[in-house]
Amino acid sequence: MQIYSVIDHYFLRLRLINHILIFLNQLKIIKDQITMNHYLYIDFILSFFGVCLYILGLKKVLFNDPKKL
């Protein structure tokens with residue numbers, strides 16, 4: 001009877017360690033996802049500014065009144 005309790009205790013420790021490792025892995029995945037979302041957010045903002053500058057530049061070139069000398 002004593003052997004079974006020692007083995008059960010050992011497996012309970014292994015399960016606890018396994019759950020802790022799974023939890024830490026999930027935290028790492030969440031951190032990576034937040035970091036990637038942060039980079040994508042900055043990328044979208046910079047792309048939006050680039051498109052706006054491109055459109056404003058085309059508007060100025062296409063619809064600019066010619067200068068008279």
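Here is a short dialogue on reading a predicted model.

Q: Let's start simply. How many helices and strands does the secondary structure of the chain come to?
A: For this predicted model, the tally is one helix and zero strands. The helix is α1, and it covers residues 2-62.

Q: What percentage of the residues of the chain count as buried?
A: A residue is called buried when its relative accessible area is under 20%. In this chain of 69 residues, the buried share is 0%. The accessible surface of the chain adds up to about 7400 Å², and carbon and sulfur atoms account for 72% of that.

Q: Which residues form a nonpolar patch on the surface?
A: The patch is made up of L16, I17, I20, L21, F23, L24, L27, I30 and I34. Together they have about 880 Å² of accessible area. Take L24 as an example: this residue sits in helix α1. L24 is partly exposed because its relative accessibility is 47%, between the cut-offs of 20% and 50%.

Q: Which side chains meet in a salt bridge?
A: Look for a side-chain nitrogen of Lys or Arg within 4 Å of a carboxyl oxygen of Asp or Glu. The count here is one salt bridge. K28 and D32 are the partners, with 3.6 Å from N to O. Both belong to helix α1 and are four residues apart, which is about one turn of the helix.

Q: Are K28 and D32 buried or exposed?
A: K28 is exposed, at 52% relative accessible area. D32 is partly exposed, with 34% relative accessibility.

Q: How is a pair of aromatic rings described?
A: You give the distance of the centres and the angle of the planes. This structure holds one aromatic pair. Its rings are those of F48 and F49, whose centres are 6.2 Å apart. Their planes stand at 55°, so the pair counts as tilted. F48 itself is exposed, with a relative accessibility of 54%.

Methods. Residues are numbered from 1 along each chain as its sequence is written. This is a predicted model: local features need pLDDT of at least 70, side-chain atom pairs count only at pLDDT 80 or more; totals for chains, interfaces and linings use all residues. Side-chain values use heavy atoms; hydrogens and water are left out. Helices (H or I, at least four residues) and strands (E, at least two) are DSSP runs, numbered from the N terminus. Buried means under 20% relative accessible area, exposed over 50%, partly exposed in between (1.4 Å probe, protein chains only). Accessible areas come from the Shrake-Rupley method with a 1.4 Å probe; for residues, only the protein chains shown count as cover. Rings of Phe, Tyr and Trp (its six-membered ring) pair if their centres lie within 6.5 Å; planes under 30 degrees apart count as stacked, over 60 as edge-to-face and the rest as tilted. Patches are made of residues with over 30% relative accessible area and no salt bridge: like charges are joined within 9 Å, nonpolar side chains (Val, Leu, Ile, Met, Phe, Trp, Tyr) within 5 Å.
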